[in-house]
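Visitor: Could you walk me through this one? I'm new to reading structures.
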Amino acid sequence: MTAMHDTPNAIACHPIAFVRSPYARRIDAPHQSTVVAGTETQAAAEAVIEFVEGLPAAAFRDLAGFERIWLVFVFHRSEGWKAEVKPPRGGGKRSVLATRSPHRPNAIGLSAVELVAVEAHALRVRGIDLLDGTPILDIKPYVPYADAFPASRAGWIDAIDATQGRHSAPGPRKPRARPDD
(Lines give C-alpha, C1' and ligand atoms only; values in the text may rest on other atoms or scores of the structure.)
Protein backbone atom coordinates (compact mmCIF):
# COMPACT_ATOMS: atom_id res chain seq x y z
CA MET A 1 0.00 0.00 0.00
CA THR A 2 1.69 3.23 -1.07
CA ALA A 3 -1.14 5.72 -1.41
CA MET A 4 -4.56 5.88 0.21
CA HIS A 5 -6.37 7.86 -2.48
CA ASP A 6 -6.06 11.00 -4.55
CA THR A 7 -7.57 14.08 -3.02
CA PRO A 8 -8.53 17.35 -4.68
CA ASN A 9 -7.34 19.23 -1.57
CA ALA A 10 -3.64 18.41 -1.76
CA ILE A 11 -1.43 19.78 0.99
CA ALA A 12 1.97 21.16 0.06
CA CYS A 13 4.77 21.24 2.59
CA HIS A 14 8.30 22.42 2.04
CA PRO A 15 11.35 21.82 4.25
CA ILE A 16 12.44 24.76 6.40
CA ALA A 17 15.65 22.98 7.41
CA PHE A 18 17.69 19.81 7.06
CA VAL A 19 19.35 17.68 9.74
CA ARG A 20 23.13 17.26 9.80
CA SER A 21 23.37 14.11 11.89
CA PRO A 22 26.04 11.47 12.62
CA TYR A 23 23.57 8.80 11.46
CA ALA A 24 23.98 7.98 7.78
CA ARG A 25 22.20 4.60 7.89
CA ARG A 26 18.87 3.69 9.48
CA ILE A 27 20.52 0.81 11.34
CA ASP A 28 22.81 3.30 13.16
CA ALA A 29 20.12 5.61 14.53
CA PRO A 30 18.36 4.92 17.84
CA HIS A 31 14.68 3.94 17.67
CA GLN A 32 13.85 6.92 19.89
CA SER A 33 15.95 9.97 20.74
CA THR A 34 16.22 8.96 24.41
CA VAL A 35 17.11 5.29 23.74
CA VAL A 36 20.85 5.23 23.00
CA ALA A 37 21.73 1.72 24.25
CA GLY A 38 23.37 -0.14 21.39
CA THR A 39 24.49 2.94 19.50
CA GLU A 40 28.17 3.35 18.74
CA THR A 41 28.81 6.01 21.41
CA GLN A 42 26.09 4.95 23.92
CA ALA A 43 25.40 8.69 24.31
CA ALA A 44 22.84 11.17 23.04
CA ALA A 45 24.14 12.34 19.66
CA GLU A 46 24.51 15.98 18.73
CA ALA A 47 23.34 17.30 15.39
CA VAL A 48 22.76 20.57 13.60
CA ILE A 49 19.46 21.72 12.15
CA GLU A 50 20.48 23.89 9.17
CA PHE A 51 17.80 26.28 7.98
CA VAL A 52 17.17 26.67 4.26
CA GLU A 53 18.47 29.76 2.55
CA GLY A 54 16.03 32.62 2.84
CA LEU A 55 14.49 31.63 6.18
CA PRO A 56 14.95 34.76 8.32
CA ALA A 57 16.59 34.44 11.75
CA ALA A 58 13.54 36.24 13.15
CA ALA A 59 11.63 32.98 12.59
CA PHE A 60 13.72 31.03 15.12
CA ARG A 61 15.71 33.44 17.32
CA ASP A 62 13.23 33.30 20.24
CA LEU A 63 13.80 29.56 20.64
CA ALA A 64 16.83 30.58 22.74
CA GLY A 65 16.04 29.69 26.33
CA PHE A 66 13.89 26.64 25.54
CA GLU A 67 15.44 23.39 26.76
CA ARG A 68 13.62 21.16 24.26
CA ILE A 69 12.00 21.52 20.88
CA TRP A 70 9.73 19.36 18.73
CA LEU A 71 10.93 18.56 15.22
CA VAL A 72 8.22 17.78 12.68
CA PHE A 73 9.96 15.94 9.86
CA VAL A 74 9.61 13.68 6.84
CA PHE A 75 10.76 10.05 6.95
CA HIS A 76 12.47 10.71 3.61
CA ARG A 77 13.70 7.13 3.21
CA SER A 78 10.35 5.49 3.93
CA GLU A 79 9.25 3.14 1.17
CA GLY A 80 5.49 2.89 1.50
CA TRP A 81 3.48 1.60 4.43
CA LYS A 82 1.31 -1.22 5.71
CA ALA A 83 -1.67 -1.13 8.04
CA GLU A 84 0.17 -3.35 10.54
CA VAL A 85 3.84 -3.39 11.50
CA LYS A 86 6.01 -5.32 13.94
CA PRO A 87 7.53 -2.83 16.42
CA PRO A 88 10.83 -3.59 18.17
CA ARG A 89 9.16 -4.18 21.56
CA GLY A 90 5.69 -5.31 20.65
CA GLY A 91 5.86 -9.04 19.98
CA GLY A 92 3.32 -9.44 17.18
CA LYS A 93 2.00 -7.02 14.64
CA ARG A 94 0.41 -3.75 15.74
CA SER A 95 -1.69 -1.13 13.97
CA VAL A 96 0.73 1.27 12.30
CA LEU A 97 -0.98 4.30 13.87
CA ALA A 98 -0.44 2.77 17.33
CA THR A 99 3.33 2.68 16.71
CA ARG A 100 6.11 5.07 15.84
CA SER A 101 7.04 3.21 12.67
CA PRO A 102 8.67 5.34 9.97
CA HIS A 103 6.51 3.54 7.39
CA ARG A 104 3.27 5.52 7.78
CA PRO A 105 0.47 6.70 5.48
CA ASN A 106 2.08 10.17 5.26
CA ALA A 107 5.67 9.43 6.42
CA ILE A 108 5.63 12.34 8.89
CA GLY A 109 7.49 12.09 12.18
CA LEU A 110 7.78 13.98 15.44
CA SER A 111 10.83 14.02 17.70
CA ALA A 112 11.57 15.93 20.90
CA VAL A 113 15.23 16.94 21.16
CA GLU A 114 17.33 19.02 23.52
CA LEU A 115 18.14 22.48 22.18
CA VAL A 116 21.83 23.18 22.87
CA ALA A 117 22.23 26.49 21.03
CA VAL A 118 20.58 28.89 18.61
CA GLU A 119 23.21 29.83 16.03
CA ALA A 120 23.34 32.26 13.09
CA HIS A 121 21.43 30.07 10.63
CA ALA A 122 21.09 26.80 12.53
CA LEU A 123 20.15 25.10 15.78
CA ARG A 124 22.51 22.79 17.63
CA VAL A 125 20.60 19.92 19.24
CA ARG A 126 21.29 16.79 21.31
CA GLY A 127 19.41 13.51 21.47
CA ILE A 128 18.77 13.24 17.76
CA ASP A 129 17.29 10.06 16.30
CA LEU A 130 17.10 11.33 12.73
CA LEU A 131 19.22 10.48 9.73
CA ASP A 132 21.57 12.93 8.05
CA GLY A 133 19.64 14.90 5.45
CA THR A 134 16.22 14.49 7.07
CA PRO A 135 13.92 17.32 5.93
CA ILE A 136 12.41 19.37 8.77
CA LEU A 137 8.90 20.70 8.04
CA ASP A 138 8.37 22.62 11.26
CA ILE A 139 9.82 23.27 14.71
CA LYS A 140 7.82 23.98 17.83
CA PRO A 141 8.95 24.70 21.39
CA TYR A 142 8.44 21.96 23.96
CA VAL A 143 6.23 23.47 26.66
CA PRO A 144 6.19 21.24 29.78
CA TYR A 145 2.79 22.29 31.14
CA ALA A 146 1.13 21.57 27.81
CA ASP A 147 3.27 18.75 26.37
CA ALA A 148 3.95 16.41 29.32
CA PHE A 149 1.36 13.93 30.55
CA PRO A 150 3.44 11.49 32.65
CA ALA A 151 0.45 9.62 34.07
CA SER A 152 -1.07 8.87 30.64
CA ARG A 153 -1.84 5.31 29.65
CA ALA A 154 0.20 3.90 26.76
CA GLY A 155 -1.97 1.04 25.46
CA TRP A 156 -0.06 -2.07 24.41
CA ILE A 157 3.23 -0.49 25.57
CA ASP A 158 1.94 -0.58 29.18
CA ALA A 159 1.44 -4.35 28.82
CA ILE A 160 5.02 -4.76 27.52
CA ASP A 161 6.33 -2.61 30.41
CA ALA A 162 4.44 -4.82 32.89
CA THR A 163 6.25 -7.94 31.66
CA GLN A 164 9.66 -6.61 30.52
CA GLY A 165 10.10 -3.61 32.79
CA ARG A 166 9.56 0.04 32.15
CA HIS A 167 11.79 1.61 29.52
CA SER A 168 12.73 -1.77 28.08
CA ALA A 169 12.85 -0.39 24.55
CA PRO A 170 15.75 -1.89 22.65
CA GLY A 171 18.58 0.05 21.11
CA PRO A 172 19.70 -0.75 17.60
CA ARG A 173 19.38 -4.44 16.75
CA LYS A 174 23.02 -5.40 16.30
CA PRO A 175 26.47 -3.94 16.89
CA ARG A 176 27.44 -1.32 14.36
CA ALA A 177 30.36 -1.86 12.03
CA ARG A 178 31.62 0.94 9.88
CA PRO A 179 31.98 0.07 6.18
CA ASP A 180 35.69 0.93 6.38
CA ASP A 181 36.30 -1.35 9.44
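Visitor: Which residues are exposed on the other side of helix 2?
Guide: Quick heads-up: this is a predicted model. Exposed here means over 50% relative accessible area. On the other side of helix 2, the residues that fit are Gly155 and Ala162.

Visitor: And which residues are buried in helix 2?
Guide: Helix 2 covers residues 155–164. To count as buried, a residue has to be under 20% relative accessible area. In helix 2 that goes for Trp156, Ile160 and Asp161.

Visitor: Why are they on the same side of helix 2?
Guide: Picture looking down the axis of the helix. Trp156, Ile160 and Asp161 are the buried ones. They end up on the same side because the arc they cover around the axis is only 145 degrees.

Visitor: What is included in the cover over the buried residues of helix 2?
Guide: Those buried residues are Trp156, Ile160 and Asp161. What covers them includes a strand at 94–95, namely strand 5.

Visitor: What phi does Gly165 take?
Guide: Gly165 comes just after helix 2. Its phi is positive, at about 100 degrees.

Visitor: Moving on to the strands, how many bridges join strand 2 to strand 7?
Guide: Strand 2 spans residues 46–51 and strand 7 spans residues 122–126, and they run antiparallel. One of the pairings puts Glu46 with Arg126. The number of bridges joining the two strands is five.

Visitor: How many residues are between strand 6 and strand 7?
Guide: Strand 6, residues 108–118, runs antiparallel to strand 7, with four bridges joining them. Leu115, for instance, has Val125 as its bridge partner in strand 7. The two strands form a hairpin, and the number of residues between them is three.

How values were computed
Residues numbered from 1 in each chain as written. Predicted model: local features only at pLDDT ≥ 70, side-chain atom pairs only at ≥ 80, totals over all residues. Heavy atoms only, no water. Pairing = 2+ DSSP bridges. Buried < 20%, exposed > 50% of the residue type's maximum accessible area, 1.4 Å probe, protein only. Arc of directions from axis to C-beta. Contact = heavy atoms within 4.5 Å.
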